[in-house]
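Hi everyone, thanks for making the time today. I have one structure to walk you through, so let's get it up on the screen.

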Amino acid sequence: MAVDCVSPALAIRSSVGIELWASSGSKQPYEHKSNLPREETKNSRSISFSPDGSYFAYSNGQEVKVLQTNNWQLQCTLPRPKAFYLKFSPRGNYLCTWELYVITKDIPEGSPNMFVYEIATGKQVFSIVQKKQTDWEPSWSSDESIFAIVVGGESLFYDLSQGIEGFTATTKKIGGSRGGILSVGPGSSPPFIAIYTPGAKDAPSMCKLYKYPALGQTQTLACKSFFNADRVEMMWNKRGTGLLLLTSTEVDKTGASYYGNQALHFLNTKGDSCSVPLSKEGPVHCVKWSPKATEFVVVYGYMPSKAALYNLKCDVIFDFKEGPRNCAYFNPFGNLVVLAGFGNLPGNVEIWDVKMKEMIANIKCPDTTHFEWSPNGEYFVTATTAPRLRIGNGFKVYHYSGALMHETIWPQGQELLAVEWQQFAENTFGEPTITKAKQEGIKSSQPEASKNVYTPPHLRGGNKGNNKMLIQPQNTIPGLPPGYTSSHANNKKQGAQKHTTTQQNNQQQQVQQQQQLQNASSKRQQRNFERARARRESKGECGVNTNSNSSPNVNKNSSGNNTPPNGEATVEVLQAGGQEENSQQLQQARPQNKRNPNNRRQQPQQQQYQKKQQHQNHQYGNNNDAEKILENNAQEGQQTQQQQQQNKSFNQQQQGDVPQQQQQPSKKAANPEKDKKIRNVAKKLSDIKKLKLRQEQGEALELNQLNKISMEAKFLEELKALKLSD
């Protein structure tokens, strides 16, 4: 797979551990080899190769281990169980670690969270507080002779030409304001230095270039000022002669963009500076330098975005046209560039030949969260990793021709966290020759998305090649809605006639049923009146004529057998009996009537109420007697009123030949004042009963409530006296 029989390995960090995979050949799959390291851990946060590939470092939640890549033996261990990020120096002699800044009760001012270790000895040589998770990395010169870091807006420089003793004291300082950024250029030694200073109030932001160690205010090589910059990203080319500044604001004051405003500026070490021209409005999605250091690519504009290749004069060399893209990646030799659309885009990947300015392949890699070229410049890896995506994790290895060479899908329940290629020193691989020949690959096991165009439901079911529906013209008839014909109109008339006939039949049936109900009601009322008159005669309370011929319409089959032997039946009982007979006749006339489902539900509740009432009567006998007296008086009044209403309604329904009957009152004239006093006393006794029940349940009563309970005997005597009085 690689030149000179060197096969780059893949370092994999997952939710179950850390391991390295390698391939035995160009057409062989990647897998774990017995000579490669593997460690099971669920707390690994970071993995990293040194730039020359001589060391591999990873954290396992207990410590940081550094391995030699020539034999994969342990080089040293660092006591940093909470290490969050790992970063090697350019030559791999030092390792920087960063962890979250924490304040404790023992150390309220906080302790250092950024450390520098010497790989050869594993000794800590530098530590400092870096609270921000962004821009925590220190800057190094390519030969590691200069170490620079920004602390509290001040740029600090350390000279390491004499070894680790240079970490003890700073050699240069440049004052600035908070939010400043420092960047040391690669390549030449001594290096070029870029320092960004954010603007204050109405003053513009500014970026200045210096040549170390000449860092005076009058010794700037180039300067670029700009307004509307809340954040700046600095990007050097490989030689350290050109610098790109991507400025951005948090909020677009014009309201044209949700992502704020972005602008791209260029500076070089000769003192030239300019703004990179962009021909389309919108955000700047990606900026990448070519490894050749003479050109760079910019992806910008609203979707579909544009992509263009620029030279060091900021002139457009080639326009890649528009497309769904937001990322750009050069291979290590700069002869291939990938333009891709990841994130919320469908995952189109275009591989372009930079020299010939033509597209070699166009593939789709959906759900990609990580992309990286292999050090040999021929292959690249795409991965779906967590926590960005927790479903469908895995990685794939492609040839630049678009052929899929390897695929691994992570098992369900596990998460792939990171994938990195093993790095190598420069000149290990030769620049590959780009051809249009398609490499032979494998077929992906993942299902492909459907390429069919969406068809609305009302257009489906036709010819597969032509989904267009032919709409036939329809004739219209004056006075009818569009689409109606004469047959529709005739059918509608026939349906209306049938509907009218059905309504007439239903009305006749309803009239007959009403007549039957009226006849049954009159017969029932006559029987009830006859029974009531017979009962009054038996008691001697009525002086009217009891001849059966006086009521010729009364049913003669109804006799006094329904009267209870004790003679205490009331008008309410007669009405209930009449209602039962009436319900039977209604069921015969209308057999489709349904039963009342609430009757069965009410029976258990009535039984419970009766049991509760019996228990209370047993416990409060005297008080219940008072309530019964009040209830009996109320019932007698209700029976008298109901009897009068019944007689009145019956007289209105009788024919002219029935004589008017004279009635005598069944009870003595009621005394309204006496009844009112009885009701008042009975109500007081009922309230006393409720208070006593609350007292037995353990509730604390007030003094006035206790006084009411003590008056119970007095109220009982008063009630008895009222009942016995005339």
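I'll start with the whole chain and then go through some of its strands, cores and single residues.

One thing to keep in mind as we go: this is a predicted model. The chain has 726 residues, and 40% of them count as buried. As for secondary structure, there are seven helices and 37 strands. The exposed surface comes to about 43700 Å², with carbon and sulfur atoms supplying 47% of that area. And if you take the contacts with a separation of 6 or more, 46% of them are between residues 24 or more positions apart.

Let's go to a sheet. Here four strands make an open sheet, in the order β29-β30-β31-β32, and the pairing is antiparallel. Which strands stand at the edges? They are β29, residues 327–330, and β32, residues 358–364; each has a single partner strand, so one side of each is left without a neighbour in the sheet. On average, neighbouring strands in this sheet are turned by 20° against each other, ignoring direction. If you'd like one pairing to look at, take β31, residues 348–353, which pairs with β32 in the antiparallel sense over six bridges. Within that pairing, Asp 353 has Glu 358 of β32 as its bridge partner.

Now, the cores. How many residues does the largest nonpolar core have? It has 17, and the ones with the most contacts inside it are Val 338, Val 349, Ile 351 and Trp 373. At least two residues each come from β29, β30, β31, β32 and β33, the last of these being residues 370–373. The largest share, three residues, is supplied by β30. Apart from this core there is another one, of 16 residues, and among them are Val 116, Phe 147, Leu 156 and Tyr 158.

Let me stay with Trp 373 for a moment. Not counting residues up to four places away in sequence, Trp 373 touches a list of residues including Tyr 329, Phe 330, Pro 332, Leu 336, Val 338, Tyr 400 and Trp 421.

Next, two residues to put side by side: Thr 384 and Arg 388. Thr 384 sits in strand β34, residues 379–384, while Arg 388 is in the loop between β34 and β35. Buried or exposed: what is Thr 384? Its relative accessibility is 9%, so with the cut-off for buried at under 20%, Thr 384 counts as buried. Arg 388 has 58% relative accessibility and therefore counts as exposed. Leaving aside neighbours within four places in sequence, Thr 384 is in contact with residues including Pro 366, Asp 367, Leu 389, Ile 391 and Leu 416. With the same neighbours left out, Arg 388 is in contact with Gly 343 and Thr 369. In C-alpha terms, Thr 384 and Val 419 are 9.5 Å apart in space and 35 residues apart in sequence. For Arg 388 and Thr 368 it is 9.7 Å in space and 20 residues in sequence.

Over to some strands with lower numbers. Strand β18, residues 192–197, is mostly covered, with five of its six residues buried. Four bridges join β17 to β18 in an antiparallel arrangement, and there Ser 183 has Ala 194 as its bridge partner. Six bridges join β18 to β19, again antiparallel, with Cys 207 as the partner of Tyr 196.

There is a hairpin to see as well, formed by β7 and β8 with five residues between them; in the turn, Trp 72 has a positive phi of about 60°. The two strands pair antiparallel over four bridges, and Val 66 has Cys 76 as its bridge partner.

Last stop, a helix. What span should the 25 residues of α5, residues 672–696, have? At 1.5 Å a residue they should span 36 Å, and the end C-alpha atoms are 37 Å apart, which agrees. Its buried residues include Ile 678, Val 681, Leu 685, Ile 688 and Leu 691, and also Lys 674 and Lys 689. After α5 comes Gly 698, with a positive phi near 100°.

That's the tour; thanks for listening, and I'm glad to take questions.

Conventions. Residues are numbered from 1 along each chain as its sequence is written. This is a predicted model: local features need pLDDT of at least 70, side-chain atom pairs count only at pLDDT 80 or more; totals for chains, interfaces and linings use all residues. Side-chain values use heavy atoms; hydrogens and water are left out. Two strands pair if DSSP finds at least two bridges between them. Axes are lines fitted to C-alpha atoms, for helices over the stretch in contact, and angles run from 0 to 180 degrees between N-to-C directions. A nonpolar core is a set of buried Ala, Val, Leu, Ile, Met, Phe, Trp, Tyr and Cys residues joined through side-chain atoms within 4.5 Å. Buried means under 20% relative accessible area, exposed over 50%, partly exposed in between (1.4 Å probe, protein chains only). Contact means heavy atoms within 4.5 Å. The expected span of a helix is 1.5 Å times one less than its number of residues. Accessible areas come from the Shrake-Rupley method with a 1.4 Å probe; for residues, only the protein chains shown count as cover.
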